[in-house]
Amino acid sequence: MRAFVLHETSGPDAGRIGTLPEPTGAHDWSGGRRLLIEVHATGVSFPDLLQTRGQYQHAVPTPYAPGGEVAGIVLEAPADSHLAPGDRVSSLTIWGGMAEQALGLEQYTVKLPPTMDFERGAALILNYSTAWFALYRTDFAAGDSVLVHGAAGGVGTATVQIAAALGARVLAVVSSAEKEQVARQAGAAHVLRSGEDWLTAVREVTDGRGVRIVVDPVGGDRFTDSLRALDVGGRLAVVGFTAGEIPTVKVNRLLLRDLAVVGVALAPYVARYPEVAERMTRELEALAADGGIDPVVGDVLPLAEGTRALRILEERSALGKVVVRVRDTE
């Protein structure tokens with residue numbers, strides 16, 4: 001099958017158009033349950049970039065096709081699955097997405113509504129699962145104030161949309177006017193600039209109290225100010241470190257104002273509490289069906305430009321989700 005193939009873990013430039021065998025068996029993470037998908041579009045995320053350099057915790061031997069999530073049509077599914085051949089779906093693959101066929105993970109697969117095309121579907125499962133789980137881990141409730149860093153990126157726009165759809169007052173932090181527009185379109189009530197005194201702005205907007213929740217996929221030197229931006233009893237969700245630097249926290253900051261820092265790592269949590277994945281996929285399907293979430297897609301590139309898709313993430317120039325089109329038709 002046609003694929004964008006990475007031949008060594010030396011970065012995005014090691015990839016090129018080629019062929020790989022069609023997937024056999026089941027995904028390594030699926031417990032032997034085979035879910036085969038005809039891929040129409042592939043979402044590209046920061047973990048895919050890390051994988052190309054062998055820097056991600058979930059490695060796969062070369063040659064392989066990058067791409068951790070796909071949208072397409074189910075070709076094969078377990079007989080007792082909630083999925084069936086012919087279903088239009090968005091599915092987590094972890095790797096293998098930039099190819100004509102891929103093995104998906106059943107517990108991280110949602111059916112797409114007829115109104116959602118495959119390009120937007122490819123931007124759904126990873127970012128919106130992460131966003132949903134970040135809010136779940138922070139005990140989100142309607143009416144909460146939520147500050148989202150990197151709010152114009154894939155995880156950022158997903159978090160803004162879900163939080164707003166569920167009744168939050170959303171504050172977004174972005175780095176440019178162009179990204180401000182994206183965050184506002186996603187549903188942010190207030191947009192702040194990361195290069196300015198956004199902490200003071202947060203306090204002004206919240207009458208000095210701070211926000212109930214911070215969702216941070218960026219990390220770096222803004223982490224301490226994120227703690228300062230929390231109201232008493234607030235929670236900070238650690239999603240990732242796209243800034244490159246992994247921050248540290250002095251725990252006395254948590255003690256003095258009853259704050260909590262929580263990790264957002266869905267896979268180990270679902271391994272212990274599988275019912276969470278069932279609830280998550282059910283709620284994401286409902287939000288997609290009623291228009292509560294609508295993935296923000298930025299660059300859409302052909303399969304031959306897989307390297308460029310990964311480089312957009314490396315350059316931190318993505319506006320919404322970067323998507324690779326694997327097939328030219330729906």
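Biologist: In which sense do strand 12 and strand 13 pair?
Modeller: Happy to start there, with the reminder that this is a predicted model. Strand 13 covers residues 260–263, and four bridges link it with strand 12. One facing pair is Arg 235 and Ala 260. The sense of the pairing is parallel.

Biologist: What about strand 11 and strand 12, over how many bridges do they pair?
Modeller: Strand 11 spans residues 211–216 and strand 12 spans residues 230–238, again in the parallel sense. Val 215 stands opposite Ala 237 there. The number of bridges between strand 11 and strand 12 is five.

Biologist: Which hand does the β-α-β unit of strand 11, helix 7 and strand 12 have?
Modeller: Good one to trace on the structure. Helix 7, residues 223–228, makes up the unit together with strand 11 and strand 12. The two strands pair in the parallel sense. The unit is right-handed.

Biologist: What radius of gyration does the protein chain have, and what would a compact globule have?
Modeller: The C-alpha atoms fill a box of roughly 60 × 40 × 35 Å along the principal axes. For 330 residues, a compact globule would come out near 20 Å, so the chain's value agrees with that expectation. The radius of gyration of the protein chain is 19 Å.

Biologist: Which element gives the most residues to the largest nonpolar core?
Modeller: That core has 57 residues, and Tyr 108, Val 146, Ile 162 and Leu 284 have the most contacts inside it. Elements giving two or more residues include strand 8 (145–149), helix 4 (154–165), strand 11 and helix 10 (275–289). With seven residues, the top contributor is helix 3.

Biologist: Which residues of strand 11 could I look for around Val 146? Its contacts beyond the neighbours within four places in sequence would help.
Modeller: Those contacts include Leu 135, Phe 140, Ala 163 and Val 170. Strand 11 covers residues 211–216. The contacts of Val 146 that fall in that range are Ile 213 and Val 215.

Biologist: Is Phe 133 buried or exposed?
Modeller: Phe 133 sits in helix 3. Leaving aside neighbours within four places in sequence, Phe 133 touches Val 264, Ala 265, Leu 266 and Tyr 269. Its relative accessibility is 1%, and the cut-off for buried is under 20%, so Phe 133 counts as buried.

Biologist: Which residue joins Thr 62 through a cis peptide bond?
Modeller: Most peptide bonds are trans. The bond after Thr 62 has an omega of about -5 degrees, which is the cis form. The partner lies in the loop between helix 1 (46–52) and strand 4 (69–76). That partner is Pro 63.

Biologist: Ile 94 and Asp 258 both have a positive phi. Which counts as buried, and which as exposed?
Modeller: Most residues other than glycine have a negative phi. Ile 94 has phi near 70 degrees and lies in the loop between strand 5 (88–92) and strand 6 (101–103), while Asp 258 has about 55 degrees and belongs to the loop between helix 8 (252–256) and strand 13. Relative accessibility is 12% for Ile 94 and 56% for Asp 258. Therefore the buried residue is Ile 94, and the exposed residue is Asp 258.

Conventions. Residues numbered from 1 in each chain as written. Predicted model: local features only at pLDDT ≥ 70, side-chain atom pairs only at ≥ 80, totals over all residues. Heavy atoms only, no water. Pairing = 2+ DSSP bridges. Right-handed = clockwise from strand over helix to strand, strands pointing away. Rg over C-alpha atoms; globule rule 2.2 N^0.38 Å. Core = buried A, V, L, I, M, F, W, Y, C linked by side-chain atoms within 4.5 Å. Buried < 20%, exposed > 50% of the residue type's maximum accessible area, 1.4 Å probe, protein only. Contact = heavy atoms within 4.5 Å.
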